[in-house]
Amino acid sequence: MAEYDYDVLIIGAGPGGYVAAIRAAQLGLKTACVESRETLGGTCLNVGCIPSKAMLHGSEKFDEAASGALARYGVKLGKVELDLAALQADKADAVKGLTGGIEFLFKKNKVDWLKGFASFVSPGEGRDLVPQADRSRPEAPAFAGAHTVKVGDETVTAKNVVIATGSSVTPLPGVEVDNDKGVVVDSTGALELPKVPKKMVVIGGGVIGLELGSVWRRLGAAVTVVEFLDQLLPGMDMDVRKEAAKIFKKQGMELRLSTKVTGCTVKGKKATLMLEPASGGASETIEADCVLVSIGRRPNTHGLRIENIGLELNARGQIETDHAFRTKVDGVWAVGDVIPGPMLAHKAEDEGIAVAENIAGLTGIVNHDVIPSVVYTWPEIAGVGLTEEQAKERLSASARAVKVGKFPMLANSRAKTNHEPDGFVKVIADADTDRVLGVWCIASVAGTMIAQAAQAMEFGATSEDIAYTCHAHPTHSEAIKEAAMAVTGKPIHI
Ligand code: FAD
Ligand code: NAD
């Protein structure tokens, strides 16, 4: 009989945890997954990717109908009205279907779902009396036993524990979130508003602010985005950030860049925000009937009691791992938002697969240089690999240069026909080797287009490889081919 209950115990059933659990079970390991939420799927399925995309899709349909944009296609509409409750119900349906789907997959793969909040029990405190190894202490015994984890009133032992506890909203001092009142909300509250605010202020011009700000703007709110930095979307290519700002302004969003929020008071259903230039200066106030705080997310480690196994957090509150997703404590692994890297569902999923394969003795690898990111606004904004700024900095260290090719969506036949003139594709390559280092797109379907760029980069493609790959006509993806042709100065359609 095994000396422990499970080969693998995963803490957290988000995209990192549930995928790790399924893969571990597929590989023949006895697997359990602990989740404190009522439903599986983590942030992504319950209050993140899925509900936000449902609201983005529904609000896009409403905007299309209400703005009169369909008239040019001969679609005549009478008075267009919003039934927000129906839109919310559609969103809830999507969440229910997908979270229930994970439950089905757990059953199918024989993954035990342990319901409750997990915390580590220190060696000697629980059923497991075998001391845990700590590689930072050479005198510590080699890993010989199992870890003990408390789930509610029960304890479970497992040879391997994967921490996949994800992240939650970073609070902003002086701006207190109260999702129940619905005046100052975080992303979870902003997905549940019972009515369309007249005036919404979004604090933070990152992904959440722009996606959820777009939802409520389309449904009728006047939206102001207050961003501390001088551009939106930190981390993205500078051309993309500048173009995105132009597009959102054109759509009617007010952008207050280089501005910080210094406080907020709420009276009844109104919030008053105090603003100041980011570099300091005269303050002003603005009022709103809804404030969305979206200034980033931080790893979930509170209450996990990692100190009981000798595990520490880095300066950013994350759990560090090696390339195989091992922490410094033997038998303890970590993936997803709780470890360094972009906080993205597909990154967490790929790490989930890799960690399970590594635990099973296979070689699970994630190429962190090729992780696409997509902002699901209209148009979509997507990128993979290095920005032009990063590429120049990296290559200049070895006296090398970059080549850039750009192609506007205005010159792409499909985008033009569909009346989607905004955006461009930009391909960044090493001037010596022609190897593609990064691809950035703003286009209605940029999120779909970026997959081919990620695949090309994964295969080590040159810009010439993309330029000489036959792309179906007429598709938005032809803009990637043309941008790749532009790297060597030879696009056809411009
Ligand atoms: P999570 O999904 O956060 O899951 C962790 C789970 O662990 C949670 O369910 C939590 O309840 C549970 N847990 C935590 N501690 C314990 C404990 N001690 N015991 C038991 N259970 C515990 N990413 C994208 O790629 N695309 C998108 O379109 C996208 N949209 C988003 C929209 C919003 C509004 C938000 C907030 C996020 C979005 N993200 C998106 C980010 C994405 O949701 C995360 O990157 C992803 O969910 C991370 O997965 P994870 O498994 O690491 O953690
Ligand atoms: P973010 O890091 O994308 O953006 C936060 C923004 O807030 C930044 O632009 C930052 O400069 C700004 N900011 C920080 N402090 C501020 C302050 N005091 N005043 C004004 N602005 C301030 O964070 P987010 O939008 O909250 O999203 C969190 C995470 O969720 C992201 O890491 C993202 O990867 C993930 N997410 C992804 C998607 C997607 O993939 N489509 C969608 C939603 C969320």
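This report describes the surroundings of two ligands in a predicted model, followed by a strand arrangement and some local features of the chain.

**Ligand 1**

The shell around ligand 1 holds 38 residues, and those that come nearest are Gly16, Glu35, Thr43, Lys53 and Ala118. Two of these nearest residues also appear among the polar contacts of the ligand: a polar side-chain atom of Thr43 lies 2.6 Å from an oxygen atom of ligand 1, and a polar side-chain atom of Lys53 likewise lies 2.6 Å from an oxygen atom of ligand 1. Asp337 makes its approach through the backbone, with an N or O atom placed 2.9 Å from an oxygen atom of ligand 1. Taken alone, ligand 1 exposes 1000 Å², of which the protein buries 93%.

Several elements of secondary structure take part in this shell, for at least two residues each are supplied by α1 (15-26), β2 (31-35), α2 (42-47), α3 (49-66) and α8 (345-359). The largest share comes from α2, which provides four residues of the shell around ligand 1. Sorted by class, the residues of this shell comprise 17 nonpolar, 16 polar and five charged ones.

**Ligand 2**

Around ligand 2 there are 22 residues, the closest being Ile208, Glu211, Glu227, Gly296 and Val374. Among the polar contacts of this ligand are three that involve the protein backbone: an oxygen atom of ligand 2 is 2.8 Å from a polar backbone atom of Ile208, an oxygen atom of ligand 2 is 3.0 Å from a polar backbone atom of Met343, and a nitrogen atom of ligand 2 is 2.7 Å from a polar backbone atom of Val374. Ligand 2 exposes 840 Å² when taken alone, and the protein buries 79% of that area.

Helix α6, spanning residues 207-218, gives the most to the shell around ligand 2, contributing three residues. By class, this shell is made up of 13 nonpolar, five polar and four charged residues.

The polar contacts described for both ligands are set out below.

| Ligand | Ligand atom | Protein atom | Distance |
|---|---|---|---|
| Ligand 1 | oxygen | Thr43, polar side-chain atom | 2.6 Å |
| Ligand 1 | oxygen | Lys53, polar side-chain atom | 2.6 Å |
| Ligand 1 | oxygen | Asp337, backbone N or O atom | 2.9 Å |
| Ligand 2 | oxygen | Ile208, polar backbone atom | 2.8 Å |
| Ligand 2 | oxygen | Met343, polar backbone atom | 3.0 Å |
| Ligand 2 | nitrogen | Val374, polar backbone atom | 2.7 Å |

**An open sheet**

Five strands, in the order β8-β15-β9-β10-β11, form an open sheet in which the pairing is parallel. Its edges are formed by β8 (184-185) and β11 (254-256), each of which pairs on one side only. Strand β10, residues 222-226, pairs with β11 in the parallel sense over three bridges, and within this pairing Val225 has Leu255 of β11 as its bridge partner.

**Rings and charges**

A search of the whole structure for aromatic pairs finds zero of them. Aromatic rings do, however, appear beneath lysine side chains: Lys30 lies over the face of Tyr6, at 4.7 Å from the ring centre, while the charged end of Lys115 sits over the ring of Trp113, 4.4 Å from its centre.

**Backbone features in loops**

Trp378 and Pro379 are joined by a cis peptide bond with omega of about -10°, and Pro379 belongs to the loop between β18 (373-375) and β19 (380-385). Another cis peptide bond joins His473 and Pro474, where omega is about -5°; Pro474 is found in the loop between α12 (463-467) and α13 (478-487).

A further backbone feature concerns Leu233, a residue other than glycine whose phi is nonetheless positive, near 50°. Leu233 is located in the loop between β10 and α7 (238-250), and β10 is the strand that pairs with β11 in the open sheet described above.

Technical notes
Residues numbered from 1 in each chain as written. Chains lettered and ligands numbered in written order. Predicted model: local features only at pLDDT ≥ 70, side-chain atom pairs only at ≥ 80, totals over all residues. Heavy atoms only, no water. Near = heavy atom within 4 Å. Polar contact = N/O pair within 3.5 Å; in protein donor to acceptor, adjacent residues only side chain to side chain. Areas by Shrake-Rupley, 256 points an atom, 1.4 Å probe, with all protein chains shown as cover. Nonpolar A, V, L, I, M, F, W, Y, C, P; charged D, E, K, R; others polar. Phe/Tyr/Trp six-rings, centres within 6.5 Å; stacked < 30°, edge-to-face > 60°. Lys NZ or Arg CZ within 6 Å of the ring centre and 35° of its normal. Pairing = 2+ DSSP bridges.
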